[in-house]
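I opened this model to look up three things in turn: the nonpolar cores, the cysteines and one of the pockets. My notes follow in that order.

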Amino acid sequence: MQSNGEIWGGALPDDVVVEILSRLPPKPFFRSKCVSKTWLALSSPASRLNKHLQPTLRGFFWETRFQSGFTNISGGIDEVDATLSALPYHAVHDRCQIMDCCNGLLLVKCWFGCPTIEHMYVYNPATRKHIFIELLPPLSPKETFYGENFSLAFQPQDQSQFHVVCFRHSHNQNVCSNIFFTFSSNSGKWRQGENLECDLHVAYTPKPIFLDGKLHLRTEAHKVVSVDPKNNTSVVTNFDFLGLAKDDISEIGQSQGLLHFMSLNEFHMMSIWVPKTIHPQNWILKHQLSLDGMLFVSPWYWNLTLHPEKDVLFVHLGNGRILSIELQTAKSNEICVFSDRLCSTFWLYMPCFLV
């Protein structure tokens, strides 16, 4: 039995140190890594056993046109930096906007000063650590800007890196440009990807899903574009084979390790499909339920998100309220009301204490 866990002039066996570290709450756990080099090395296996460090649903980050916020639904002590106060220049920022949330990390863009200066960060509100992201090069004077969508790709199992993906839509002398770019934290640089179809518009408030190394984003025509940020390649899947009507509302989600495709028709019938095989057109219907009795505002203002581990759908009704709906029974429950009823989008938040 190895005994390298020296402390207070004595020694503790390594397995005892791992046992101790695996029982500590987040703050004492990370402080203990400073005790010695041995404890620092043993913190890695201990983190995988520590239930306090495992991803659990804590609440929702949300975004409006004017502010960002966080709503805690766990009932425990809220140690999340909901105001993003640890970001550099926080006191002088005129506005910080959450652009995406992925596995415990936030993608945040901030503006301040006159003329306006933009900063972009990947920020961990649990550990209050951040990384500065280089901004994309500006368009040439001949190009007309139409819009950008930024998404974050991060897996806690691969702590060595993350990616940011940007879709930029512009025109140059009536020639369409619809290009995506990928930023790697390893290189610190942006790479230009493929020029996509001009009519392939990523949704205004997309809910990107990062799963199995691919970043999936819904477009405005029942299509999903899947980007491999490491290889800088993309694949487009058209879900019209599901028999969707043009006016059906669609969304994607992730639950229990599978990509889900959701649609809501004019009769407020919700259908949810999952892939049966890796073939792009081999999907099966997993759930179908009526949301008619839950309709309080137009479904065009709804935001839909799946619970990552359970058959539960979260629906933001556009009036500040969030319902949780059990997909097996269609039982619904109001779980929170945002302080800002004009919330335009929200993200499930599960803290990541490992980076």
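Entry 1, nonpolar cores. I started, in what is a predicted model, with the largest nonpolar core, which holds 31 residues, and I noted that Phe-150, Val-164, Phe-167 and Trp-190 touch the most other members. I then looked up which elements feed this core, and found that at least two residues each come from β5, β6 (105-112), β7 (117-124), β9 (143-153), β10 (163-172), β11 (175-184), β14 (214-218) and β15 (223-228).

I followed Trp-190 further and, leaving aside its neighbours within four places in sequence, listed its contacts as Ile-133, Glu-134, Leu-135, Leu-136, Phe-150, Val-164, Cys-166, Phe-181, Thr-182 and Phe-183. Apart from this core I recorded a second, separate one of 17 residues, with Leu-87, Cys-110, Tyr-121 and Phe-353 among its members.

Entry 2, cysteines. How many disulfides does the structure hold? I found 1, formed by Cys-96 and Cys-110, whose sulfur atoms are 2.2 Å apart. The pair links distant parts of the chain, since Cys-96 sits in strand β5 and Cys-110 in strand β6, 14 residues apart. I read the torsion about the S-S bond of Cys-96 and Cys-110 as about 110 degrees, so I entered the disulfide as right-handed. Both Cys-96 and Cys-110 are buried.

I also checked Cys-101, and asked which cysteine sulfur is closest to its own. That sulfur belongs to Cys-102, and because the distance is 7.5 Å, it is too far for a bond. Cys-101 has 11% relative accessibility and therefore counts as buried, and Cys-352, at 4%, counts as buried as well.

Entry 3, the second largest pocket. I noted about 1000 Å³ of space in the second largest pocket. Its lining is made up of 43 residues, and those closest to the pocket centre are Cys-102, Asn-103, Gln-155, Pro-156 and Met-350. Going through the lining by element, I found two or more residues from each of α2 (26-32), α3 (37-49), β5 (95-102), β13 (209-211), β17 (249-255), β21 (303-306) and β25 (345-349).

Which element gives the largest share of this lining? I traced that share to α3, which contributes 4 residues. Sorted by class, the lining of the second largest pocket has 25 nonpolar, 13 polar and 5 charged residues.

Terms used
Residues are numbered from 1 along each chain as its sequence is written. This is a predicted model: local features need pLDDT of at least 70, side-chain atom pairs count only at pLDDT 80 or more; totals for chains, interfaces and linings use all residues. Side-chain values use heavy atoms; hydrogens and water are left out. On a 1 Å grid over the protein atoms alone, a cavity is a set of points where a 1.4 Å probe fits but cannot get out, and a pocket is an open set with protein on both sides within 12 Å along at least five of seven lines; lining residues have an atom within 4 Å of a point. Grid points are joined across faces, edges and corners, and a volume is the space filled by probe spheres set on the points. Ala, Val, Leu, Ile, Met, Phe, Trp, Tyr, Cys and Pro count as nonpolar, Asp, Glu, Lys and Arg as charged, and the others, Gly among them, as polar. A nonpolar core is a set of buried Ala, Val, Leu, Ile, Met, Phe, Trp, Tyr and Cys residues joined through side-chain atoms within 4.5 Å. Buried means under 20% relative accessible area, exposed over 50%, partly exposed in between (1.4 Å probe, protein chains only). Contact means heavy atoms within 4.5 Å. A disulfide is a pair of cysteine sulfur atoms within 2.5 Å.
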